[in-house]
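Biologist: Got a few minutes to go through this one with me? Let's put it on screen first.

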Amino acid sequence: MTRRGFLLFASLGIIWGVPYLFIKIAVAELTPEFLVLARTAIAAALLLPIAARHRAIAPVLRRWKPLLAFALFEIVLAWYFINAAEQTLSSSTVGLLLATIPLVAMAVAFLGGRRDRLTGVNLVGVAFGMVGVAAIVGFDVGGSDLGAVAQLAVAIVGYAVGPAILARYLHDLPGVGVIACALGISALAYVPIVALTGGWPTAVPSTMTIVSVIVLAVLCSAVAFLLMFALVAEVGPIRMSAITYVNPAVAVIAGALFLNEPISAWTVVGFAAILLGSALVTRPDPAKAAATPEAEITEAPDSATDAGDDHEHPTLSEALDEPIPPTEPIVR
């Protein structure tokens, strides 16, 4: 990995690891639905002009049905239920449990018609993931918090279904247009929801809450998306997907440092088991890889990065015109 690639990877790992800290701060004063509205509205306001400049809005809106479905699962449901769960659960627990997304994504892919053969290693990964969840939920989460765990489960399913919709119906569209439109649609959807639920703030939020909303919208959504594309352009989508295993560690460290959230032995055990399980579940079948024609291997998205610093990387502007790479989750 080049120095630029390492800096982008480290930056995105931190940015996608700290949302749970700022969500925890924000939901102390704001309702979950208003936080989604504020975050999506600000992020959309930043990304829609960029998408318009790249002429990426019209082609995306022509496929409005899958776009609506993507926005529903990836943002509307996922962000609300994460916010709601953090009213009870610690930010570090939420970050750790969200690391199970690859496990659920595998089940979603199978139910969606993908019938790839599961290897013994994949099944061992599922077992490790389940042990990790059991360790965290059974020893770190109290019985009164199981409702919040159920809310988080809805978000995990949403984060798993969203990319499946993207891969099947929106895979050839400019990524900046898909995300910008999805954020805009989500913001519009939450205006009546907040109005009907009375979720508007009754007083001016504290400075820290306002800062948290701005960080979530600007840094963890809009800027993170741009960094993601810059990182994919630098190191390729396969290496970029390793970011999923960094975010939970950042969430735990941030919760401990800034919110004094405890790190128990079971937290460490659960964290290690979930990450190991996710890594094993996403490990490709060696037999299938061996059967792949050599031409396909040489044209793999990451092959160019093996050349090192001499590889000519696309600019960020060029990368924004490309479809979203197969990474998970896409927006945090």
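Biologist: Where is the place of Arg55?

Modeller: Quick caveat: this is a predicted model, so local features need pLDDT of at least 70 and side-chain atom pairs count only at pLDDT 80 or more, while totals for chains, interfaces and linings use all residues. Residues are numbered from 1 along each chain as its sequence is written, and side-chain values use heavy atoms, leaving out hydrogens and water. Helices are DSSP runs of H or I, at least four residues (strands: E, at least two), numbered from the N terminus. On that numbering, Arg55 sits in the loop between α3 and α4 (58-61).

Biologist: What is the phi of Arg55?

Modeller: Most residues other than glycine have a negative phi. Arg55 isn't a glycine, yet its phi is positive, at about 55°.

Biologist: And does Arg55 count as buried or exposed?

Modeller: Buried means under 20% relative accessible area, exposed over 50%, and partly exposed in between (1.4 Å probe, protein chains only). Arg55 has 74% relative accessibility, so it counts as exposed.

Biologist: How do α3 and α5 lie to each other?

Modeller: The axes, lines fitted to C-alpha atoms over the stretch in contact, give angles from 0 to 180 degrees between N-to-C directions. Those of α3 (residues 32-53) and α5 (residues 64-85) come within 8 Å and cross at roughly 130°. Under 35 degrees is roughly parallel, over 145 roughly antiparallel, 65 to 115 roughly perpendicular, and the rest oblique. So α3 and α5 are oblique.

Biologist: Which residues of α5 make the contact with α3?

Modeller: Contact means heavy atoms within 4.5 Å. From α3 come Pro32, Glu33, Leu35, Val36, Arg39 and Thr40, and they meet, on α5, Ile75, Trp79, Tyr80, Asn83 and Ala84.

Biologist: Where is the kink in α11 centred?

Modeller: The bend at a residue is the angle between axes fitted to the seven residues ending there and the seven starting there. In α11 (residues 207-235), there's a kink of about 40°, centred on Ala224.

Biologist: Last one: which residues is Ile243 in contact with, leaving aside its neighbours within four places in sequence?

Modeller: Ile243 is found in the loop between α12 (237-240) and α13, and at 3% relative accessibility it counts as buried. Phe9 is 234 residues away along the chain, but the C-alpha atoms of Ile243 and Phe9 are separated by 7.1 Å. With those sequence neighbours set aside, Ile243 touches Phe9, Leu12, Gly13 and Trp16.
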